[in-house]
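Biologist: I'm new to this one, so could you walk me through it slowly?
Modeller: Gladly; let us put it on the screen and begin with the surface.

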Amino acid sequence: MSPGKVLQPVLKMKVDELFLCWLSQPATQLALKDCLRRIKNEEKTEIGDRDSGNGKNETCANKNSSSKQCLLGDTRLTLSFSAQPSTTLPLATPASSRNISNVRATRRSSGTRAVQTKKEETLPPSLSQNIPTFYFPRGCPKEKVNVDAVIAKIERTFSEFPNERATLEDMGKVAKACECPLYWKGPLFYCAGGERTGYVSVHKFVAMWRKILQTCYDDAAKFVHLLMNPGCNYLVQEDFIPFLQDVVNSHPGLSFLKEASEFHSRYITTVIQRIFYTVNRSWSGKITCNELRKSNFLQNVALLEEEADINQLTEYFSYEHFYVIYCKFWELDTDHDLYIDRKDLARHNDHAISSRMIERIFSGAVTRGRKAQKDGKISYADFVWFLISEEDKKTPTSIEYWFRCMDLDGDGALSMYELEYFYEEQCQKLDNMAIEPLPFEDCLCQMLDLVKPQCEGKITLHDLKRCKLTNVFFDTFFNIEKYLDHEQKDQFSMLRDGEGDNQEVSDWEKYAAEEYDILVAEEAASDQWNDGYEAELTPVDHQKANVLKYQMEKRPFLEMPSPLADVDLDEYDYEEDFE
């Protein structure tokens, strides 16, 4: 979206959205199919409540042989087809014994009166009563919840605390009384105002939770309500900081981080970016209830209670994944200001990414905030998106990421010119390596056979999402190392890899596991601790502590985080999706 352009709501788009939502309901489709069948069989078709009483009806007739009779009542709309012409006209006045000449003489004025009468009828409210509610932005209400029983349970829990006041440490029991996962305790505490006084009183918490139970009907709506700012109905990146800080402070799998508070902000930033990378499918920078409902994030939050090893939660919370990402960024950030420029990013993976693609990354096509365009730098948060997209090009977000980069003119399709533009640099690199490149025409034929686009002459985002080997497609045009790896692989082995949609381990998880093992092996060869502290650690904690201490000794210039974890979260700019 161009700077200065103001987003304005479009009523027609919202009406279309609601209509399609209603049309997609199974009950609606069954009713329409039944109506069509009855119409084809020349049977009377009824839409609405069959048991409701008859209201005032209007009838309209057509003088054709197959006339249509429309009965519009307060609760029912009836359509019927008859072989006999109807004798009733939709006039405002009742039928009289006037002669035919008077009828002909007053036909125009009578028709006018009928139209005026129709305007006075309240038909839309009458018909809308027959359409069940189908749009539930805060969740579909289930069976009636006994709010008083839930509140009574919460009050009994608060009675166990001194002065019926709960601290953050006590909120685990309160979360269970609310029938919420354990790690909702932080959001519950902060939403009730606990950050101001250090505790939450029973009366204030009960008032807050009663309101949520009466307005939010599923976990997604409740979670958004707990974290969002007042007046909003969505979550931005800063909203997750208190929740994740509580996870860092209290999860047993992150206990070794307590002595290294300077790593808290980096870990929190990484998790937040992974949340938005996976959940925020609209690229808007604002997670809505619907997006959260469609994701598996809340299921992973619930697993935090059950899984003591944080590294088993690989989709969002894995410390090992954070460690790999942060170490990769640190290698490129030579001045350690937590920003990298084009030259820094070009050194990633031994200059494997083409310079033209580097330019596109810094153009603002996939980065957040204005720093990339203004100062020519990207932040650590932007690097998280880059690295995950680079190492796993099969996920929907990564496909959109690279598609945005390759779509030079922003028309929503990759033209042959755009493909040739990126392939030219690949050919130059191959020539420098004394490898004869494949002519572009031959490469193009291979890629078109691989993707099988629906429209000739262009490749759309939908085409790439249908393709099983998008990683091969993208690497061919801007990653020389992986392109050569694909060329050396057997074609059938690549097809088998592409068909593994239900594979348990993603490409990103494989990469993170391999890189973490390499980093641990390198750190194991460094200096070891000589004090008695290492004897008290388990082998796993000992390994993590060695890695962590080595990084801290090499990087003493890391600044301490602020109370809000010093997370660099620039405001997102809205970018329209290509689909």
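Biologist: How much surface does the protein expose, and what share do carbon and sulfur atoms supply?
Modeller: Bearing in mind that this is a predicted model, the protein exposes about 31,700 Å², and carbon and sulfur atoms supply 52% of that area.

Biologist: And what percentage of the residues count as buried?
Modeller: The protein has 579 residues, and 43% of them count as buried.

Biologist: What is the secondary structure of the protein?
Modeller: There are 29 helices and eleven strands. As for how the chain meets itself, if you take the contacts between residues at least 6 apart in sequence, 64% of them join residues at least 24 apart.

Biologist: Let's pick a helix, say α10. What span should its residues cover, and what do the end C-alpha atoms say?
Modeller: Helix α10 covers residues 202–215, and its 14 residues, at 1.5 Å a residue, should span 20 Å, which agrees with the 20 Å between its end C-alpha atoms.

Biologist: Which residues of α10 are buried?
Modeller: Those are Val202, Phe205, Val206, Met208, Trp209, Ile212 and Leu213. They lie on the same side of α10, because they cover an arc of only 165° around the axis. On the other side of α10, His203 and Lys211 are exposed.

Biologist: What covers the buried residues of α10?
Modeller: The cover includes the helices α6 (147–158), α7 (171–177), α8 (185–191) and α11 (219–227), together with the strand β5 (200–201).

Biologist: Changing topic, how many disulfides does a search of the whole structure find?
Modeller: The search finds zero disulfides. To recall the term, a disulfide is a covalent bond between the sulfur atoms of two cysteines.

Biologist: Why is there no bond for Cys180?
Modeller: The closest cysteine sulfur to that of Cys180 is in Cys178, and at 5.3 Å it is too far for a bond, since the cut-off for a disulfide is within 2.5 Å.

Biologist: Is Cys180 buried or exposed?
Modeller: Cys180 is buried, with a relative accessible area of 7%, and Cys327 is buried as well, at 3%.

Biologist: One last thing, where does UniProt place the EF-hand domain?
Modeller: The UniProt record, which is an unreviewed entry, places the feature "domain: EF-hand" at residues 394–429. Over residues 394–429 in this model, the chain is 69% helix and 8% strand, with the end C-alpha atoms 25 Å apart.

Note on methods
Residues are numbered from 1 along each chain as its sequence is written. This is a predicted model: local features need pLDDT of at least 70, side-chain atom pairs count only at pLDDT 80 or more; totals for chains, interfaces and linings use all residues. Side-chain values use heavy atoms; hydrogens and water are left out. Helices (H or I, at least four residues) and strands (E, at least two) are DSSP runs, numbered from the N terminus. Buried means under 20% relative accessible area, exposed over 50%, partly exposed in between (1.4 Å probe, protein chains only). Contact means heavy atoms within 4.5 Å. Accessible areas come from the Shrake-Rupley method with a 1.4 Å probe; for residues, only the protein chains shown count as cover. UniProt positions are given in the numbering used here, feature names are shortened, and annotations may be inferred rather than shown by experiment. The expected span of a helix is 1.5 Å times one less than its number of residues. The arc is that of the directions from the helix axis to the C-beta atoms.
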